[in-house]
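Biologist: I would like to learn how to read a protein model. Could we take one feature at a time?

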Amino acid sequence: MRPHPGFKPVDAIEAGTARIASATIRYEAGHWFLSFTVHVERADMTPARPDAVIGVDLDVKTLAPAWRGRWL
């Protein structure tokens, strides 16, 4: 099992701060695979620089990419 670095799902489940939402087991090409979704309760994070400002481009008209000169 290769979880996200720093996240130990078994510890979080045992502590009651996470729960398994779904799991899938499959056998493919001689190997077993297990994947699961874990819902985790996390504390709200405070910004490192609450006085910092970000810019938002309000001139964006379309977010869809062009393909062969046509908009999707």
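**Reading the turn and its strands**

Modeller: Start with Ala29, which sits in the loop between E1 and E2. Keep in mind that this is a predicted model.

Biologist: What is the phi of Ala29?

Modeller: First the general idea. Most residues other than glycine have a negative phi. Now the case here. Ala29 is not glycine, yet its phi is positive, near 50°.

Biologist: Is Ala29 buried or exposed?

Modeller: Compare its relative accessibility with the cut-off. Exposed means over 50%. Ala29 reaches 71%, so it counts as exposed.

Biologist: How many residues lie between E1 and E2 in the hairpin?

Modeller: Two residues lie between them, and Ala29 is in that turn. Strand E1 covers 18–28, and strand E2 covers 31–40.

Biologist: Do E1 and E2 run parallel or antiparallel?

Modeller: They run antiparallel, joined by 10 bridges. You can follow the pairing residue by residue. Thr24 stands opposite Ser35 in E2. Arg19 has His39 in E2 as its bridge partner.

Biologist: What else can I read at His39?

Modeller: His39 belongs to strand E2. Its relative accessibility is 40%, so it counts as partly exposed. Try a distance too. His39 and Ser22 are 17 residues apart along the chain, and their C-alpha atoms are separated by 9.5 Å.

Biologist: Let me step back to the whole chain. How many helices and strands does it have?

Modeller: The chain has one helix and four strands. Along the sequence, the pattern reads α-β-β-β-β.

Biologist: What share of the residues counts as buried?

Modeller: The figure is 6% of the 72 residues. Buried means under 20% relative accessible area.

Biologist: Next, charges. How do I read a salt bridge?

Modeller: The general idea is simple. Side chains of opposite charge can pair when their charged atoms come close. This structure holds one salt bridge. Glu28 forms it with Arg26. Their closest N and O atoms are 2.4 Å apart.

Biologist: Which accessibility class do the two partners fall into?

Modeller: Take them in turn. Glu28 has 44% relative accessibility, so it counts as partly exposed. Arg26 has 39%, so it counts as partly exposed.

Biologist: Over the face of which residue does Arg26 lie?

Modeller: Arg26 lies over the face of Phe33. The distance to the ring centre is 4.6 Å. So read Arg26 twice: once in the salt bridge with Glu28, and once over the ring of Phe33.

Biologist: How do I read two rings together?

Modeller: A pair of aromatic rings is described by the distance of the centres and the angle of the planes. Here there is one aromatic pair. Its rings belong to Tyr27 and Trp32, with centres 4.9 Å apart and planes at 55°, so the pair is tilted.

Biologist: Is Trp32 buried or exposed?

Modeller: Trp32 has 63% relative accessibility, so it counts as exposed.

Biologist: Which residues make the nonpolar surface patch?

Modeller: Ile25, Tyr27, Trp32 and Leu34 make it, over about 550 Å². You have met two of these names already: Tyr27 and Trp32 form the aromatic pair.

Biologist: Which strands supply the patch?

Modeller: E1 and E2 each supply at least two of its residues. Take Leu34 as an example. It lies in strand E2. With 57% relative accessibility, Leu34 counts as exposed.

How values were computed: Residues numbered from 1 in each chain as written. Predicted model: local features only at pLDDT ≥ 70, side-chain atom pairs only at ≥ 80, totals over all residues. Heavy atoms only, no water. Patch = residues over 30% accessible without salt bridge, like charges linked within 9 Å, V, L, I, M, F, W, Y side chains within 5 Å. Areas by Shrake-Rupley, 256 points an atom, 1.4 Å probe, with all protein chains shown as cover. Salt bridge = Lys/Arg side-chain N within 4 Å of Asp/Glu carboxyl O. Buried < 20%, exposed > 50% of the residue type's maximum accessible area, 1.4 Å probe, protein only. Pairing = 2+ DSSP bridges. Phe/Tyr/Trp six-rings, centres within 6.5 Å; stacked < 30°, edge-to-face > 60°. Lys NZ or Arg CZ within 6 Å of the ring centre and 35° of its normal.
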